[in-house]
Amino acid sequence: MQAQPFFKSIIMNSSNQQSILRVTFLISMIILMWNPLQAQAVSYTTKEESLPCIDKEFSIFVHVIRDSLGNSGISVETIEEQLEGLNALFSPICARFSMCNIEYYPTYQFKDIWKKDQVVEMEKRYFVRNVINLFVIESQQLYPGDQCGFGRHLGVMYPDSGSIFIQKSCFQTNIIAHQLGHYFGLLHTWTGSGAELVDGSNCTTAGDFICDTPADPYDPFVDEPPFLGMGREDCLFIYPATDANGEYYRPDVGNIMSAYQYCYCGFSRQQFALMAFHYQISLDKKW
Ligand SMILES: [Zn+2]
């Protein structure tokens with residue numbers, strides 16, 4: 001889901017909820033800034049403190065929107081297989097995921113999502129409390145930086161809304177993990193589109209505000225593949241522009257919150273820490 005500005009991705013919530021989320025986000029940023037690891041931006045070799053273990057199995061309710069011919073377009077086996085992959089990916093913070101139910105809907109007017117009204121209506125009809133709601137759709141044009149779906153930023157904190165939407169054509173572990181990243185409060189590594197400096201000196205105030213994810217200049221509204229790394233299956237990052245200090249960008253194309261989806265590999269340590277933290281402070285603990 002888009003993350004510019006920060007809370008553009010937060011939709012259909014009251015002003016009170018927005019205030020709570022802003023405070024939450026600020027608190028989490030302050031905690032990250034206090035972390036001495038912050039001073040070592042863009043270091044992957046430093047000895048790290050252990051990550052929190054939330055020891056939680058999340059139940060996922062899968063909502064499949066059928067196409068106009070009534071076809072589901074995705075098998076239960078595919079869904080289960082891809083969800084299983086999440087368990088390995090999220091094991092550093094002891095988070096697990098399992099499908100608790102699956103429903104198929106003939107409402108093919110929801111198979112292609114291009115406006116927020118559709119999301120509001122879908123959640124009004126189908127949202128189930130205490131679980132993670134995963135809608136499987138045909139396509140979405142709401143968030144151009146997220147071709148394969150979208151997930152509500154900090155959705156974990158909402159008891160009555162806050163879902164994840166994934167396109168059938170790219171229903172894969174890493175894509176679902178990206179949207180779960182948003183759900184647990186992560187921003188794109190390219191937030192700010194290059195405002196974060198390569199040397200990491202402003203990593204607490206620019207970009208995704210996470211210092212172990214290198215500056216990433218990608219701008220979905222300006223940069224076109226294959227000029228950039230996005231869309232390149234060889235994961236080569238090609239980008240001629242430099243940051244404000246004249247340094248060339250070296251984004252982590254393997255980071256799951258980047259735009260380089262062919263190269264997705266995993267989350268950074270501080271991303272894990274922030275996701276665990278958001279779950280820990282959420283009043284809605286889910287089943
Ligand atoms: Zn995204």
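A crossing of two helices is called left-handed if the near helix is turned anticlockwise from the far one by less than a right angle, and right-handed if it is turned clockwise. In this predicted model, helix 2 passes helix 4 in a right-handed crossing. The two helices pack at an angle of about 60 degrees, and their axes lie 8 Å apart. Helix 2 contributes Gln82, Gly85, Leu86 and Leu89 to the contact, and helix 4 contributes Thr173, Ile176 and Ala177. An α-helix has 3.6 residues a turn, so residues three or four places apart point the same way.

**Overall organisation**

The protein contains 5 helices and 7 strands. Along the sequence these elements follow the pattern α-β-α-β-β-α-β-β-β-β-α-α. Of the 287 residues, 40% count as buried. Among contacts in the protein with a separation of 6 or more, 73% come from residues 24 or more positions apart.

**The sheet**

An open sheet is formed by 5 strands in the order 2-1-4-7-6, with mixed pairing. Strand 2 (95–105) and strand 6 (149–151) stand at the edges; each has a single partner strand, so one side of each is left without a neighbour in the sheet. From one strand to the next, the twist averages 25 degrees.

Three of the pairings are set out below, each with a residue pair that belongs to it.

| Strands paired | Sense | Bridges | Residue pair |
|---|---|---|---|
| Strand 1 and strand 2 | parallel | 10 bridges | Val62 and Ile102 |
| Strand 1 and strand 4 | parallel | 5 bridges | Phe61 and Asn133 |
| Strand 4 and strand 7 | parallel | 4 bridges | Val136 and Ile166 |

Strand 1 comprises residues 56–65, and strand 7 comprises residues 164–167. In strand 1, Val62 stands opposite Ile102 of strand 2, while Phe61 stands opposite Asn133 of strand 4.

Strand 4 (residues 132–137) is mostly covered, with 6 of its 6 residues buried. In a regular strand the side chains alternate between the two faces of the sheet. Both faces of strand 4 are covered: Ile132, Leu134 and Val136 are buried on one side, and Asn133, Phe135 and Ile137 are buried on the other. Two of these residues also appear in the bridge pairs, Asn133 opposite Phe61 and Val136 as the partner of Ile166 in strand 7.

**Helix 2 and Gln82**

Helix 2 (residues 76–89) lies across strand 1 and strand 2, and runs at about 160 degrees to strand 2. Gln82 lies in this helix. Because Gln82 has 18 C-beta neighbours inside 10 Å, below the 20 required for a buried residue and above the limit of 12 for an exposed one, Gln82 counts as partly exposed. Leaving aside residues up to four places away in sequence, Gln82 touches Phe171, Gln172, Thr173 and Ile176. Phe171 is 89 residues from Gln82 along the chain, yet their C-alpha atoms are separated by 7.4 Å. Two of the residues touched by Gln82, Thr173 and Ile176, belong to the helix 4 side of the helix–helix contact.

**Helix 4**

Helix 4 is largely enclosed by the rest of the structure, because 10 of its 11 residues are buried. The buried residues are Asn174, Ile175, Ile176, Ala177, His178, Gln179, Leu180, Gly181, His182 and Tyr183. Their cover includes helix 2, strand 6, strand 7 and helix 5. Just after helix 4, Gly185 takes a positive phi of about 95 degrees.

**The nonpolar core**

In soluble globular proteins, nonpolar side chains tend to be buried together. The largest nonpolar core here has 62 residues, and those with the most contacts inside it are Ile60, Leu134, Val136, Ile166 and Met275. The elements that give two or more residues to this core are strand 1, helix 2, strand 2, helix 3 (116–126), strand 4, strand 7, helix 4 (173–183) and helix 5 (269–281). Helix 5 provides the largest share, 7 residues. Domain 1 (56–186 + 270–281) and domain 2 (192–266) both give residues to the core, so the core lies between them.

Not counting residues up to four places away in sequence, Met275 touches Ile93, Gly181, Phe184, Gly185 and Leu186. Among these contacts, Gly181 is one of the buried residues of helix 4, and Gly185 is the residue with the positive phi just after that helix.

Key: Residues are numbered from 1 along each chain as its sequence is written. This is a predicted model: local features need pLDDT of at least 70, side-chain atom pairs count only at pLDDT 80 or more; totals for chains, interfaces and linings use all residues. Two strands pair if DSSP finds at least two bridges between them. Axes are lines fitted to C-alpha atoms, for helices over the stretch in contact, and angles run from 0 to 180 degrees between N-to-C directions. Two residues are in contact if their C-beta atoms, placed from the backbone, lie within 7 Å. A nonpolar core is a set of buried Ala, Val, Leu, Ile, Met, Phe, Trp, Tyr and Cys residues joined through C-beta atoms within 7 Å. Domain bounds come from an automatic or database domain assignment.
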